[in-house]
Amino acid sequence: MRGRIVASPGAWLVWGLVAIFFAGLAGVIGSVVVNSFGVRWFDTWLPESYTTQWYGQAWTDFTLLPVLTVTLVVCLLVAGISVLVGVPAAYVLARRKFPGSRLVYLLFLLPILMPPITYGIPLATVLYKYGFAGHLSGVVLANLVPSVPFVILTMTPFIEQIDPSIERAARMCGARTRHVFTSVLAPLLVPGILAASILVVVRTVGMFELTFLTAGPDSQTLVVALFYSMSAAGIRAQQSVDAMAVIYCVMMLVLLVVALRFVNPTQLVARVKEDPE
Amino acid sequence: MSGLASESVSASTPAVRHRLAERGIDPQLFLLVPATVFVVALFIYPFCYGIAVSLQPAQGGALAAYRAFFTDAYQRDTITTTLAIALPAALFNVFAAVPIAYRMRGRFRGKRLLTTVLVVPITLGTVLTAEGLLNFLGPTGWFNRILLSTHLVDQPVTLTHNYWGVCLSLVITGFPFAFLLVLSYLSGIDPTLERAAATLGAGWAQRFFRITLPLLAPGLATTFCLTFVLAFSVFPSAILVGDPTGGTRVISIAAYEAAYVRYDYAAASATAIVMGAVELVVISIVLGLRSLFYTGSTAGGKG
Amino acid sequence: SPAVNASGPVPDKPAKAVTLNVLDVAGNLQLTQGMIDDFVAKNSGVVERVTYTKATAPELVGKVKAQQAANRVDIDLVLTGVDGLAAGIAQQLWVSLLPTYAARLPGMANYLAGAAAMQKLAGNEGVTVTYYPSGPLIEYLPAKVPNPPRSAQDLLAYAKANPGAVQYARPSNSGPGRTLLMGLPYLLGDTDPKDPVNGWAKTWDYLKQLGESITLYPSTTSETMKNLANGSAKIIASTTGWDINPRVLGTVPKEAEIGTLNGFHWVSDAHYAVVPKGVSTEKQSAILNLLAWMLTPQQQAKAYDKGYFFPGPAVDGVTISMAPPESQQAIKDYGRAQYLQLIANNPIEVPLEASALVAAFDRWDREIGGSKVKK
Amino acid sequence: MTGFETLRLDGVTRRFGGADALAGLDLEIRRGEFIALLGPSGCGKSTALNCLAGLLPLSGGSIWRDGTRLDTLPPERRGFGMVFQNYALFPHMSVRKNVSFGLRMRGLPRAEIRRRTDDAIRLVHLEEHAGKLPGQLSGGQQQRVAIARAVVVEPSLVLMDEPLSNLDAKLRLEMRTEIRRLHQNLGLTTVYVTHDQEEALSMADRLVVLRAGRVQQIGSPEEVHTRPANRHVADFLGFRNLLPGALLADGEININDLGVRTKGTPVGPISDGDAIVAAIRPEDVLVRSGGVEVTVEVAAYHGREIAAEARTADGLHLHLRTSQRLAPGDKVSVVLPPDRLLVFPA
Amino acid sequence: MTGFETLRLDGVTRRFGGADALAGLDLEIRRGEFIALLGPSGCGKSTALNCLAGLLPLSGGSIWRDGTRLDTLPPERRGFGMVFQNYALFPHMSVRKNVSFGLRMRGLPRAEIRRRTDDAIRLVHLEEHAGKLPGQLSGGQQQRVAIARAVVVEPSLVLMDEPLSNLDAKLRLEMRTEIRRLHQNLGLTTVYVTHDQEEALSMADRLVVLRAGRVQQIGSPEEVHTRPANRHVADFLGFRNLLPGALLADGEININDLGVRTKGTPVGPISDGDAIVAAIRPEDVLVRSGGVEVTVEVAAYHGREIAAEARTADGLHLHLRTSQRLAPGDKVSVVLPPDRLLVFPA
Ligand SMILES: Nc1ncnc2c1ncn2[C@@H]1O[C@H](COP(=O)(O)OP(=O)(O)OP(=O)(O)O)[C@@H](O)[C@H]1O
Ligand SMILES: Nc1ncnc2c1ncn2[C@@H]1O[C@H](COP(=O)(O)OP(=O)(O)OP(=O)(O)O)[C@@H](O)[C@H]1O
Ligand SMILES: NCCCCNCCCN
Ligand SMILES: [Mg+2]
Ligand SMILES: [Mg+2]
């Protein structure tokens, strides 16, 4: 098989495309990383010299400690709540066919299909109206809008693949509904729940629009702070913005590495059985 | 005696519960309630609220905000601008993903690493990507330096602060997403189908175009929709790497400006609704095309 | 919290130390955070703690208005430029601090002439905290531009001869961009420099011609600075602060030079402190104490910073020698003696008032920046 | 768990969206019996079992344990054990945990749980595997865990839904014996679902043959094997030759295309002149002179025997099994013994 | 497609990551033969078939069609037909399109494609279903589409990988005959993979018995059935009694725990005193006076026969099959006929 891959001319094209993509990616990330350590980088291949001062400066200038704390709290709350709310719904959707189940499914699909900015603006208005926006609670609520459906959509196939006769077997052994959930389903769902929560965290860390529209003084997450650092008024060293971007990137990568311990990369976007041989 | 008892008992147990259960309705459905409440309260309600706001502009009739949007070329053209960015980007992402995913669908060493690396850009976020593109593709970025020093060009190529910058940023964040999705659809297609085609005398092109591609088409449509949604809502990168007053003044910028620069909430909501509507039109067209294809199981038989 | 008392007389001192949430939409904290922190350190009985947030000016009104509608204002003090201030005035968001509490802010009596003019522009709602004459200036690397343009016509000719070499950022996002925009009517002798709709015929015409040889309007000033540094732009619009500070930071080479165009008028700029309606009188009291502190010469000297808003102080009699040593060093290394003459010898104008400015931005966006859009 | 004397299904009916998956099943199960539900795929066997278990609500009818009504109780309160087709072991629990699950749900004392779990594991010879997870066991071992898990709580009734269908031929044979042995040794009452007639015949005390949701026949293996109640049961039970014809006078029958008249054993009400179907097993067709001339078309080796397909001169196909070495093309004479040739109404 | 006289596999070997899935398979297939590859799961049957089809490259050895080397050609150029275990029907194509696929790939004229497709569909009795998609067909119908699709191109060799394994018992039996009939009528050469010995015995002209990637025996069904080459083949082919013991002098053997000495038929090289395994089928154990006393433990009804498990006084288990009506607890005498008792080296 491998022999044929090498031989085929189409393969060269494909691997060429992949190589170009990776080169571009390396350039994009690399230039940010290099700049974040650079001192005076004008019309040259590399900066004149290197320093780590931009990181310290970014840390204080952009008050990164509270920003990171907020980011962490928002992510944990969003992941926790969407799992609590989403998993039971996913369970019902996975196990039951009832009149209107397709409609309910569509209802949960819509928030993922809509661009965040489309519903973000009216959502922010409503959240401001009820006094949530501008605070952590508003940011969490706004981020739940795509996250709850996301958990439902990722967990549904996961639950579907758990043999329903296992639940029936538990009942036949005398287990009440509560025990079926606690002793049998919960342990089996743990990997799926972990995967879904990590994905929710990844998405929430990266969710710019909704957080941007609802964040207040004490509730900015890292991406929003990053956006402000690039676009808000004032003069600042590009390097410290880049340093902040690198901090963001490293944080995401750590999350990613953790996520990939639980999920296959293709499952980050869809859950389909791998290699049915 | 027992016959009598059973008669009376079964007569006195109205089988309403059973009949509902036969149709799939029972108390377990209450588990759906929290999530439904969430989506209704935080998505449907704001959406309707937005529609209501859009119909109550400060002056003019109920449709004044929409009329204003469609009569002002500066606003109206954001639709075409957005489509001109989102459609090609989404199409490129999907169609570039196909040959690559097709190559990579089997098992091979390093596949997991490769796919992992491909996931990285999904996590970069638009802001970092924008910053990186400005650095990398800027007039004196590495990319142009390479082109200049190899004498491929004698003027730096302008790839930022214009259409191309936004497109590239959409490709960087959207391609891996499309790729992983296509890969998972491809691995859902029973590999024995292609083997079967091979034993029937089909060469690789025939196998691909007659077996794999038709079976993949519905998945491609779905992938396109999801990628298109991401591209259509492009916002930060249109500002940061694009040309937000000209070539990349996308509809989300128009909505944002209406809300936060002009404080015209009716106009903002109307713009957002128009945006959602345009998106749904595109998605409906694609899903309509999708229904022309075979969409059942992609297993080769049995079960 | 909604239950607080937001109207009625403001006490001299809060009954209990308060926490202040400060929102900066102008990049002003760079200059004033040191003053504020110092105040908190020395007046812990008045202000217990301060939180700082930064945002962009366009969002300011939406945020404040929404909070006021929800009766839950938790932005106590806003540091803003002319744009945010004016937008808030139009929407009646701000508490009128003047003239009621003018007596509690003795520093205001001591404003520099330019700052006083800026204060007039602000009406009764804002208190000028920092001020600078700004621009318009052009900035270039002498190695690349040995003979810089000396007049607006020179600049146009240079741009035509060197397509893509001249850059300024989108005015609504950029201080130097808007300073250039507002400065052009004076340079070109337009009929009414304060009326962008009817009085700027020459300016719009000039911008259109200039636009033909401009390939890029970056969305931030930083971007133009970066392009200047790496050589992809040869002449960019600048201001005093944008000249000095980026060279201090090393984003622009030290050897960059500035130039002025013949017959230019300074179009000054200032930052204001405003208090949203709905902030409790206790907090208002603390804010007044804080503002009084900030307007003392000792504190104003911190506004020299590293040339960020050069010179920076709004009140008279604040010399560089009063500034913190890092500040003095930076100005010594990167400042320009010529600024003192330029400030002394050229007229200083106040910028457009807000609605005119928005109209100018809108027209610029539609006709200059978005020239591809058919009307 | 308390036992019972009889368990009675009274017109048990279950509909899915209007279609009867099971229609009016009447059955009395006596303590200690081994009952097999037999029938082709989709005939309602699993539906019947699930109704009995309480996993599906009834659409009609009732279920009684001695004097008490059972069908209103949830599964966990009926006290039955169940072995699932795909085992349905808890994949995250060791063999021991799987087996003890039911005891733990009943909140028994730890010492007792331990003792009874050990007993059950010993019973199915899995002592060495008690600590493993189900995924680490072979199919047959998993099967035994499923059985141990079902019987450890000493259920009054054990339900098994095609428990052997996922095993390979050799193992299937072994497990049959094992299940039957457990049934006997533990004094269980068992209801066993299968579509494999051989399995049903070899294991059950009584068979219930279902077709399209309706009972066709209830009887001992021998009754069902030798006297299927109708042509469908016959078809399902290995009467591969189903030959259409008509009943003549005097109990003689005419089978179309056979060429000669013959006699058979009528089952059910048939009158002279009626269209009939005559059924006979391939192994009952005797290759013997003096019968009908047939030509062998296909012959397949089956160890000691040959399974052949043959054709009469008029084109009637006959399946037969014989120890004679036949080859395609051979012409032989076959006899259909009247006592083996059952005659059903068409 | 051109036929061939012989197809020769020469030491065909396939390794997966160091482990031999198939080791040195030598086989000569003659035109018109029906060859079955038989063996337990994982023994390398599918691997062999895939190597032959060209779907797996060889790790060693070669394949020759008459004089030309074949193993370097891609599958589409070998001209073989294949029926996959899961059918691998193209789910988006109608039955007709599925069947005509191979013809279309060969670019034949439309009229000819139409004619041959119709013929093939008629051959498998799917005329009424020609317009349906595979998902709308039953398992047996899908199976027939798969066969039609493979044979329509008149391949020089048809490969079938457990084509019946997912079907129910009745259908399996019918399809066996049908496949065999097609093989004969179309004059195909067929290689058929199965793990079901009965299937292999009844269908094939020659069997290749594999175990762990190695050939154990090649021979006619009768040879393999009556004279398995070793104890593994015997075990796999229904010798349920595998009794350890030792060879004494004079061809006598001592089976542990049997209680008496007996004689057997040695297979393979054994010397006096060697440890042996004696193998006998349950149906060859005769219930007859004058033999060994055993107690029946389990008895299962099998239609005409009883399958029983019995134990000698010393605890040796014996499986037997008899038409006598035995019940658990009965004591009977059994005889192990020496010509049926095969003796293998242990
Ligand atoms: N949940 C369900 N919804 C709708 N129809 C169903 C459902 N379960 C079973 N049926 C239908 O009821 C009938 C009986 O199904 P059941 O599962 O009892 O058959 P079975 O005899 O167990 O078959 P098998 O041998 O294939 O397991 C079938 O026609 C089936 O399609
Ligand atoms: N792609 C593969 N990678 C690694 N090992 C494999 C692969 N395919 C088969 N094997 C191994 O090779 C051996 C033979 O496999 P093969 O599929 O030929 O068995 P089989 O006889 O067809 O079994 P079954 O009856 O279960 O289909 C097995 O041990 C299997 O695990
Ligand atoms: N089938 C699940 C589709 C989920 C879409 N996820 C979007 C992820 C964007 N990073
Ligand atoms: Mg069933
Ligand atoms: Mg196989």
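Visitor: Before we look around, what counts as a polar contact with a ligand here?
Guide: A quick definition, then, for this predicted model. We look for a pair of N or O atoms, and the cut-off on their separation is within 3.5 Å.

Visitor: With that in hand, how far is the polar side-chain atom of E:Ser46 from an oxygen atom of ligand 2?
Guide: E:Ser46 is one of the residues that surround ligand 2. A polar contact needs two N or O atoms within 3.5 Å, so the pair formed by the polar side-chain atom of E:Ser46 and the ligand 2 oxygen qualifies, at 2.6 Å.

Visitor: And how much of the accessible area of ligand 2 does the protein cover?
Guide: Backbone atoms come in here too: a polar one of E:Cys43 sits 3.2 Å from an oxygen of ligand 2, and one of E:Gly42 sits 2.7 Å from a ligand 2 oxygen. On its own, ligand 2 has 630 Å² of accessible area, and the share covered by protein is 55%.

Visitor: Which helix gives the most to the shell around ligand 2?
Guide: By class, that shell holds three nonpolar, five polar and two charged residues. Its top contributor spans residues 45–53 of chain E and supplies three residues: helix α1.

Visitor: Over at ligand 1, what percentage of its exposed area does the protein bury?
Guide: Start with the polar pairs: an N or O atom in the side chain of D:Lys45 is 2.9 Å from a ligand 1 oxygen, while a backbone N or O of D:Gly42 is 2.7 Å from an oxygen of ligand 1. Ligand 1 taken alone exposes 630 Å², and the buried part is 54%.

Visitor: How many charged residues are in the shell around ligand 1?
Guide: The residues around ligand 1 include D:Phe16, D:Pro40, D:Lys45 and D:Glu162. Sorted by class, the shell has four nonpolar and five polar residues, and the charged ones number two.

Visitor: Moving to chain A, which helix gives the most to the nonpolar patch?
Guide: The patch, about 450 Å² of surface, is made by A:Val190, A:Leu194, A:Val250, A:Val254, A:Val258 and A:Phe262. Both α9 (177–206) and α12 (238–262) supply at least two residues each. With four residues, the biggest giver is α12(A).

Visitor: Is A:Val190 buried, exposed or partly exposed, and what is its relative accessible area?
Guide: A:Val190 belongs to helix α9 of chain A. Partly exposed covers values between 20% and 50%, so A:Val190 counts as partly exposed, at 41%.

Visitor: Last stop, what share of the residues of chain B counts as buried?
Guide: Chain B has 13 helices and zero strands. Among its 303 residues, the buried share is 59%.

How values were computed. Residues are numbered from 1 along each chain as its sequence is written. Chains are lettered from A and ligands numbered from 1 in the order in which they are written. This is a predicted model: local features need pLDDT of at least 70, side-chain atom pairs count only at pLDDT 80 or more; totals for chains, interfaces and linings use all residues. Side-chain values use heavy atoms; hydrogens and water are left out. A residue is near a molecule or strand if one of its heavy atoms lies within 4 Å of it. A polar contact is a pair of N or O atoms within 3.5 Å; within protein, one must be able to donate a hydrogen and the other to accept it, and residues adjacent in sequence count only if both atoms are side-chain atoms. Accessible areas come from the Shrake-Rupley method with a 1.4 Å probe; for residues, only the protein chains shown count as cover. Ala, Val, Leu, Ile, Met, Phe, Trp, Tyr, Cys and Pro count as nonpolar, Asp, Glu, Lys and Arg as charged, and the others, Gly among them, as polar. Patches are made of residues with over 30% relative accessible area and no salt bridge: like charges are joined within 9 Å, nonpolar side chains (Val, Leu, Ile, Met, Phe, Trp, Tyr) within 5 Å. A salt bridge is a side-chain nitrogen of Lys or Arg within 4 Å of a carboxyl oxygen of Asp or Glu. Buried means under 20% relative accessible area, exposed over 50%, partly exposed in between (1.4 Å probe, protein chains only).
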